[in-house]
Amino acid sequence: MSNDQNDAIKSILEENRVFNPPREAAERLGGAWIDSMESYQEMWRRSVDEPERFWETEAKEHLHWFKPFEQVLSWNPPDARWFEGGLTNACHTCVDRQVEEGHGDEVAIIWEGEPVSDGAPEIRRLTYADLQRETARVANALESLGVGRGDIVTIYMGMVPEVAIAMLACARIGAAHSVIFGGFSASAIVDRVRDADSRVILTCDGSWRRGSIVPLKASVDEACQELPGVTSVVTLRRCLNDIEMVDGRDHDWHELVSRQSDDRPCEPMDSEALLFLLYTSGSTGKPKGIVHTTAGYCLHASVTARNTFNLRPDRGQVYWCTADVGWITGHSYIVYGVLPNRVPTVMYEGAPNFPAEDRFWSMVERHRVTQFYTAPTAIRAFMKWGDEHPAGHDLSSLMVLGTVGEPINPEAWMWYHRVIGGERCPIVDTWWQTETGGHMITPQPCATPTVPGSCTLPTLGIDAAVVDDDGNELPHGTGGLLVIRKPWPSMLRGIHGDRDRFIETYWSRIPGMYTAGDAASRDDRGYFWILGRIDDVINVSGHRLGTAEVESALVSHVHVVEAAVVGFPHDIKGTGIAAFVTLGPRAEASDGLKKTLHTHVGKEIGAIAKPDMIRFTHALPKTRSGKIMRRLLRDIAAGRESTQDTTTLEDLTVLAKLREEDE
């Protein structure tokens, strides 16, 4: 265990604040799916002791089946096949089923754009019938471009309703989608489109962010210079900024879609058919295309959305997850998990502080949001901006608060509880990953006593544990590897095109157990506490970035010979990016070069990867075998005195020089 993780374990044992679910929580929510710890414990035990019976019941209730499945699970570690023989469709489960059951006129999506004109934002409300019509038209448009079953469509769009429509339209015809976050650069688009072998890209002319236009189409055009296999680019006109249209390749979204029929039945798809790829950073420079399939993913996303947030249709609830659809949180808890539960899902286009730092709270008041799900990074920013912003709005509609993306520090948890929740809203601190597809460890809002900073206990059907390197469960209060010991429906099915990496990354450390890559501990209550990554991946503002990816971007600059990237504590982001850089003989260390490298990383990967700290050094601390000692650099970046072993360090003067610069 690292010093940081040992310190975290010590602080866990000292945390004794416990908050029981407010007595009126279930009543305000219109009833509770899980109403007590006794109910949770009985349901969870049954779900992990008899997982096939549990998931069979859930699958029959939550999913629509064109053809019933014949077998719940085939498990040959690390390969799982769920609901074999069944035919279903994610778009039908999310949209068409609601229309067929008489709910077509109900609001499915509430969208708000960033710009404010004459004191009012642009707002759109789409019903399930609207989604059925629009997904059919976009599906027909995709087929007119030659997209069919098994093809992978790349989506690089802003947070507009059409991004959800595009995802669902792909599912409607049996094509898969690969959504790329709109903050990624042209270079990142190239890597992901090439790996997915996409021939069609859906994009926007631009998206709004803090009053400025992010030119998405321009990034796609730049990427396509290196992607000769892309035959079609479809562009939605959102910002009306100037764009180039390439003859024979480019299509205007409105012109193409508006002439399509709004009749396109959902394609019956095998339970294990590919639904989407989503790329996530790993410990090497190449992003991993995480494979998620249809039935199991949709089931777990919808069941956990219902239970974690206590979603209940016809109770006046309005749910808002502030994530971007370019991340797994947006996939699972804006689209695929929420729409089947028939509670309106809010989508917001822009930044939380535009045009003012009360934007989120004005939206909660305006839309009467009942469930609010955001990242600890955002919560820490809200704290910094001041209590007066939420205090200026009526937040009484809120019933459940959630956090996602990274562990939340107790101070931020308490602020969230007091200032946003008014001490009346349970907080669900959720742990899960792109790879897991949905929540794994989380409180149940009307059942679980919560402790600031802990994600508490596994959700139904999840057998999580903290183990040693041999897979033996560790006693409480001891740090170890976080693993999942039994398969679950939304588990990743692989890494696209890289079987060996799939096995090596997730299944080789402890055979038969999914290794999450996180260190964890359990307290005397049995509650889980996440201590951080065990690999060379850092969690920045809730988003995972591989240090190798950032290092590769730095070294690609003409003046950089070598670079080492580590994480360090950051007041707002949780973890910041520190880069230690060795320059070539013709380069001179300067603030100007730091700015240049900062910009360069943003161009190579995206703004989210820009280092928060760049340190120039004549050499990096290495072992005698040439391995960079990043653990020493983490101490330096954090500004703390290191107590770590340096006996294998080749040149002690390198470390001494770096410490001198800190003084």
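Here are legends for a handful of close-up views of this predicted model.

**View 1. The main nonpolar core, with M157 among its best-connected residues.** The largest nonpolar core here takes in 165 residues. If you want to know who has the most contacts inside it, look for F83, L142, M157, L202, Y336 and V581. Helix 7 (residues 161–173) is the top contributor to this core, giving 10 residues. Zooming in on M157 and skipping its neighbours within four places in sequence, you'll find it touching E162, V163 and A166, then L202, T203 and C204, and also L216, L236 and W253. There is also a second, separate core of 28 residues, with M363, A378, L395 and W413 among its members. As general background, nonpolar side chains in soluble globular proteins tend to be buried together.

**View 2. Helix 6 crossing helix 7.** A pair of packed helices is described by the angle between the axes and the distance between them. For helix 6 (residues 128–144) and helix 7, the axes come within 8 Å and cross at roughly 65°. Because angles of 65 to 115 degrees count as roughly perpendicular, helix 6 is roughly perpendicular to helix 7. The crossing of these two helices is right-handed. On the helix 6 side, the contact is made by L131, Q132, E134, T135, A136, V138, A139, L142 and E143; helix 7 answers with I165, A166, L168, A169, C170, R172 and I173. Sorted by class, the residues of this contact come out as 11 nonpolar, 2 polar and 3 charged.

**View 3. Helix 5 against helix 7.** Helix 7 also meets helix 5 (residues 90–100), with axes that come within 8 Å and cross at roughly 115°. What is the handedness of the crossing of helix 5 and helix 7? It's left-handed. A90, C91, C94, V95 and D96 of helix 5 meet L168, A171 and R172 of helix 7. The class count for this contact is 6 nonpolar, no polar and 2 charged residues.

**View 4. Helix 14 and its surroundings.** Why is helix 14 (residues 376–385) described as largely enclosed by the rest of the structure? It's because 8 of its 10 residues are buried. Those are P376, T377, A378, I379, R380, A381, F382 and W385. The buried residues pack against helix 13 (359–367), helix 15 (388–391) and helix 16 (410–420), along with strand 18 (371–374), strand 19 (400–403) and strand 29 (574–583). Helix 14 is followed by G386, whose phi is positive, near 120°.

**View 5. A186 in helix 8.** A186 sits in helix 8 (residues 186–196). With a relative accessibility of 6%, A186 counts as buried, because the cut-off for that label is under 20%. Leaving out residues up to four places away in sequence, A186 touches S219, E222 and A223. A186 and A223 are 37 residues apart along the chain, yet their C-alpha atoms are separated by 4.8 Å.

**View 6. P611 in a loop.** This proline lies in the loop between helix 19 (591–604) and strand 30 (613–616). Is P611 buried or exposed? It's buried, with a relative accessible area of 3%. Setting aside neighbours within four places in sequence, P611 is in contact with I577, A579, H598 and V601. K594 is 17 residues from P611 along the chain, and the C-alpha atoms of the two are separated by 9.5 Å.

Conventions:
Residues are numbered from 1 along each chain as its sequence is written. This is a predicted model: local features need pLDDT of at least 70, side-chain atom pairs count only at pLDDT 80 or more; totals for chains, interfaces and linings use all residues. Side-chain values use heavy atoms; hydrogens and water are left out. Helices (H or I, at least four residues) and strands (E, at least two) are DSSP runs, numbered from the N terminus. Buried means under 20% relative accessible area, exposed over 50%, partly exposed in between (1.4 Å probe, protein chains only). Contact means heavy atoms within 4.5 Å. A nonpolar core is a set of buried Ala, Val, Leu, Ile, Met, Phe, Trp, Tyr and Cys residues joined through side-chain atoms within 4.5 Å. Axes are lines fitted to C-alpha atoms, for helices over the stretch in contact, and angles run from 0 to 180 degrees between N-to-C directions. Angles under 35 degrees count as roughly parallel, over 145 as roughly antiparallel, 65 to 115 as roughly perpendicular and the rest as oblique. A crossing is left-handed if the near helix is turned anticlockwise from the far one by less than a right angle, and right-handed if clockwise. Ala, Val, Leu, Ile, Met, Phe, Trp, Tyr, Cys and Pro count as nonpolar, Asp, Glu, Lys and Arg as charged, and the others, Gly among them, as polar.
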